[in-house]
Amino acid sequence: MSEVTIGVCGLGNMGLQVARRAATVRPGPCFDVSEAARANAAAEGLQPTAELSDLSGCDVVVLCLPRSDISLDVARRLAGLLAKGSVVIETSTVSPNDIATMEAYLEPKGIRVIDAAIISGVPAMAAGTSTMLVGADEHSAGELVVRIINALSAKVTWLGRPRAAMAMKVIHNAVAHATMVTLSEARAMGLPYGITEEMLVEMLRGEEAGLLRPLLHRIGERVPARDYAGGMSLEAARKDSLLALGMAAEWRVPLYSIGATHTAFENAVGRFSGRDDYAVIAELWTRPEDGERD
């Protein structure tokens, strides 16, 4: 392969590690507006710069920036700097619509945009063991892009569709954050009964338990097959939800997440058969509201 230049925009906690990993493919200029961030990069043997224009000769530029508005501003400016045929890899956490806006800035100039979402934290990126999702097809992404992605991550999922990586990252984080609220509520409900955090973790961690069973069995198996016969019934799940509401009320535990999810069970009982496995609640989002009751 002929010599190439790889630039990086953003040298924060994650960006610095991204720049370190990218430099193992080929060192290049690393841009950040922060003098302290540039000093950290220099201490790592990188090539920091305070001028975005220093990236004008790069074949690939990797973005790792703290906010979507900053990413969009940098992408807009790169549209006037990079040559036709270059590639911008967006690893910042932005929305799919932000990726579309970046495409509108860059693709008319012949610059490709690839969204590559980082799922793991900073330590994993530093160690080269991170997990990444890429909104492109591995076979058409280009050899250099594949080399960079592989340098950044030990586990890569190529999703094959533009913007899909950022959509998955937003979904992933939303699930993680909502689950944290639910688990915090569960912890508070258990405290009056002497249920410790260790006991809660032990109860929920198995594949047949309350965290993974809905994911692996219901979303993973029943919903794709539209198989709702048998299993734990919707009516039983609604009853258990009511028990949880009552238990929380007794101890004055506020329920932001568990309380809100009860609405879904009430709606589902009104629309579907109470004998169906409660995985049928997924159909609330896929069947027309005026659909016939099963």
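At what angle do helix H3 (residues 68-78) and helix H4 (residues 96-106) pack, and how far apart are their axes? Select both: the angle is about 15 degrees and the axes are 8 Å apart.

Before going on, some housekeeping. This is a predicted model, in which local features need pLDDT of at least 70, side-chain atom pairs count only at pLDDT 80 or more, and totals for chains, interfaces and linings use all residues. Residues are numbered from 1 along each chain as its sequence is written, and side-chain values use heavy atoms, leaving out hydrogens and water. Helices (H or I, at least four residues) and strands (E, at least two) are DSSP runs, numbered from the N terminus. Axes are lines fitted to C-alpha atoms, for helices over the stretch in contact, and angles run from 0 to 180 degrees between N-to-C directions.

**Stop 1: H3 and H4**

H3 and H4 are therefore roughly parallel to each other (under 35 degrees counts as roughly parallel, over 145 as roughly antiparallel, 65 to 115 as roughly perpendicular and the rest as oblique). H3 passes H4 in a right-handed crossing (the near helix is turned clockwise from the far one by less than a right angle; anticlockwise would be left-handed). Show the side chains of Ser68, Leu72, Ala75, Arg76 and Leu78 in H3, then Asp98, Thr101, Met102, Tyr105 and Leu106 in H4: these make the contact, meaning heavy atoms within 4.5 Å. By class, the contact has 6 nonpolar, 2 polar and 2 charged residues (Ala, Val, Leu, Ile, Met, Phe, Trp, Tyr, Cys and Pro count as nonpolar, Asp, Glu, Lys and Arg as charged, and the others, Gly among them, as polar).

**Stop 2: the sheet**

Now colour the strands. They include an open sheet of 8 strands in the order E3-E2-E1-E4-E5-E6-E7-E8, with mixed pairing; two strands pair if DSSP finds at least two bridges between them. At the edges are strand E3 (47-49) and E8, each pairing on one side only. Neighbouring strands are turned by 25 degrees against each other on average, direction ignored.

Zoom in on strand E1 (residues 6-9) and strand E2 (residues 29-31), which run parallel and are joined by 2 bridges. Pick Cys9 and you will find its bridge partner, Phe31, in E2.

Next, select strand E7 (residues 130-134) and strand E8 (residues 153-158): 5 bridges join this parallel pair. Thr131 stands opposite Lys155 in E8. Trace the chain from E7 through helix H6 (residues 143-152) to E8, and you follow a right-handed β-α-β crossover (with the strands pointing away from the viewer, the path from the first strand over the helix to the second runs clockwise).

**Stop 3: helices across the strands**

Bring H4 back: it lies across strand E4 (60-63), strand E5 (87-90) and strand E6 (112-118), at about 155 degrees to E6. Helix H7 (residues 164-190) lies across E5, E6 and E7, running at about 25 degrees to E6.

**Stop 4: H7 and H8**

Keep H7 and add helix H8 (residues 197-204); they pack at about 125 degrees, with axes 10 Å apart. That makes H7 oblique to H8. Leu183, Ala186 and Arg187 in H7 meet Glu197, Leu200 and Leu204 in H8, giving 4 nonpolar, no polar and 2 charged residues.

**Stop 5: H10 and H11**

Finish with helix H10 (residues 234-250) and helix H11 (residues 258-271), whose packing angle is about 150 degrees, with axes 10 Å apart. That makes H10 roughly antiparallel to H11, and their crossing is left-handed. Among the residues to display are Leu234 and Ser241 in H10, and His262 and Phe265 in H11.
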